[in-house]
Amino acid sequence: PVIADNAVAAVGVSVPVTLVFMAIATGANIGCSVLISQLFGAKNYKNMRTAVHTSVIAVLTASLLLTAAGLIFARPLLELLGTPPEIMADSLAYLNIYTGSLFFLFLYNICTGVFTALGDSKTPLYFLIFSSLTNIALDLLFVLSFGWGVSGVAWATFIAQTLSAILSFFALNRRLRRFSYEGKAQIFSAAMLKKVLVFAVPSILQQSFVAVGNLAIQSLINGYGASVIAGFSAALKLNTFAVTCYTTVSGGVSSQNIGARRYERVPQGLRAGVFLLLLLVTPIALVFFFFAPQSVGLILNAESTEAMEAGAVFMRWVAPFYFVIALKIVIDGILRGSGALRYFMISTFIDLVIRVALSFLLTDSAGYMSIVYAWVIGWV
């Protein structure tokens, strides 16, 4: 159980750092897809293709810069977060391998974002299923058969992500050839990049606010020892799964309608999004609330009592508030698509400030529970 705790904790300490990279990739995905979706809705296929090319080039360039920065500052950042010495080596190994895969992570995200913008949610799903199954198979092979431990988990993610990104890229190119238009689309356009950045930068900042907040909270978690780190990390993975489900709804509620000037359909999209969220939130919240230990046990060793308790407590508290955060996420989709970027940026920043500030203010009196309380209050 101690070895299991340390292994999960090592990955868990690295996760908030990887979430910063993921936040930038996801923010770029969301931001770029808004403009592409609007151009698709307006049937402006030439500029749409220029926007796709420009977005891909810009995002991949950013990924290379982040890779270099991540490899250089990985150890100093883990030390700054107060990573326990007994898990530092594994945490650093996992983080370095993950950072090396950023090019393919960003490529995969931008490709799936474009597919979604074109109204195709099935193709990204197929690639996600392929990536997930490949990741699981390689996890079992590298960890159980080869005994590579935490590094094996990282290499499994690297390979699965790379394969999925390459397949997504070729599939996207094939899809784009179906659109006919007069003239020739530009490979890169500075003017189009400015338009992309109008949507992408606020989305990246929004996602990054949350990720940076998680980094600050992780520095508190690291002070409670490997078992609590492992429990919190397991719960955070389950929570991320839930929130990601809700985020997928926000991507499709408004942008194409706005691009096509079908403004009367935007409220319909919001109502449909809220209805879908009810269908998603209800079963996930019920399972995570009533079967919190069993849910956390999918990731942790059941014999690790302290870790299991830390994870289960977090899940029981956040699950009832899933509809609150899900509603905000789908409204964010409306605000982004309509260009009202300031409002969802402000709400996200408030969440970050409350969550981080309360975690630190209450830590002396409430300990680990300060993080749990701050989480749900920030959402509300």
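Start by selecting serine 359: its relative accessible area is 0%, so it counts as buried (buried is under 20% relative accessible area, exposed is over 50%, and partly exposed lies in between, with a 1.4 Å probe and protein chains only). You'll find serine 359 in helix H14 (helices are DSSP runs of H or I with at least four residues, strands are runs of E with at least two, and numbering goes from the N terminus). Show what surrounds serine 359: leaving out neighbours within four places in sequence, it has contacts with Ile217, Leu220, Ser370, Ile371 and Ala374 (a contact is heavy atoms within 4.5 Å).

Before you click on, note that this is a predicted model, where local features need pLDDT of at least 70 and side-chain atom pairs count only at pLDDT 80 or more, while totals for chains, interfaces and linings use all residues. Residues are numbered from 1 along each chain as its sequence is written, and side-chain values use heavy atoms, with hydrogens and water left out.

**Next stop: helix H16**

Select residues 369–379, which make up helix H16. Nine of the 11 residues in H16 are buried. Among them are Ser370, Ile371 and Ala374, three names you just saw in the contact list of serine 359. The tryptophans Trp375 and Trp379 are buried too.

**Along H14 to a salt bridge and a cavity**

Go back to helix H14 and select residues 341–361. Pick arginine 355 and aspartate 351, whose side chains form a salt bridge at 2.9 Å, N to O (a salt bridge is a side-chain nitrogen of Lys or Arg within 4 Å of a carboxyl oxygen of Asp or Glu). The two are about one helical turn apart because they sit four residues from each other in H14. Both arginine 355 and aspartate 351 are buried.

Keep that pair on screen, since Asp351 and Arg355 also line the largest cavity, together with Phe209, Val210, Gly213, Asn214, Leu352 and Val356. A cavity is a set of points on a 1 Å grid over the protein atoms alone where a 1.4 Å probe fits but cannot get out; a pocket is an open set with protein on both sides within 12 Å along at least five of seven lines, and lining residues have an atom within 4 Å of a point. Helix H7 (190–221) and H14 are the elements that give two or more residues to this lining. The volume of the largest cavity is about 30 Å³ (grid points are joined across faces, edges and corners, and the volume is the space filled by probe spheres set on the points). By class, its lining has four nonpolar, two polar and two charged residues (Ala, Val, Leu, Ile, Met, Phe, Trp, Tyr, Cys and Pro count as nonpolar, Asp, Glu, Lys and Arg as charged, and the others, Gly among them, as polar).

**Up H7 to leucine 205**

Stay on helix H7 and select leucine 205. Its relative accessible area is 36%, so leucine 205 counts as partly exposed. Now draw a C-alpha to C-alpha distance from leucine 205 to glycine 27: they are 7.4 Å apart in space, yet 178 residues apart in sequence.

**The other salt bridges**

How many salt bridges are there by this rule? The count comes to three. For another one, select aspartate 120 and arginine 175, with closest N and O atoms 2.7 Å apart. This pair links distant parts of the chain: aspartate 120 is in the loop between helix H4 (102–117) and helix H5 (122–145), while arginine 175 is in helix H6 (residues 149–176), 55 residues away. Are they buried or exposed? Both are buried.

Then jump to arginine 75 and glutamate 79, which form a salt bridge at 4.0 Å, N to O. Both lie in helix H2 (residues 45–80), four residues apart. Arginine 75 is partly exposed at 39% relative accessibility, and glutamate 79 is partly exposed at 46%.

**A pocket beside H2**With H2 still selected, look at the second largest pocket, which has a volume of about 150 Å³. Of its 13 lining residues, Val17, Phe21, Ala69, Gly70 and Leu77 are the closest to its centre. H2 gives the most to this lining, with six residues. The lining has 11 nonpolar, two polar and no charged residues.

**Last stop: methionine 315**

Finish on Met315, which is among the residues with the most contacts inside the largest nonpolar core, along with Tyr246 and Tyr322 (a nonpolar core is a set of buried Ala, Val, Leu, Ile, Met, Phe, Trp, Tyr and Cys residues joined through side-chain atoms within 4.5 Å). That core has 106 residues.
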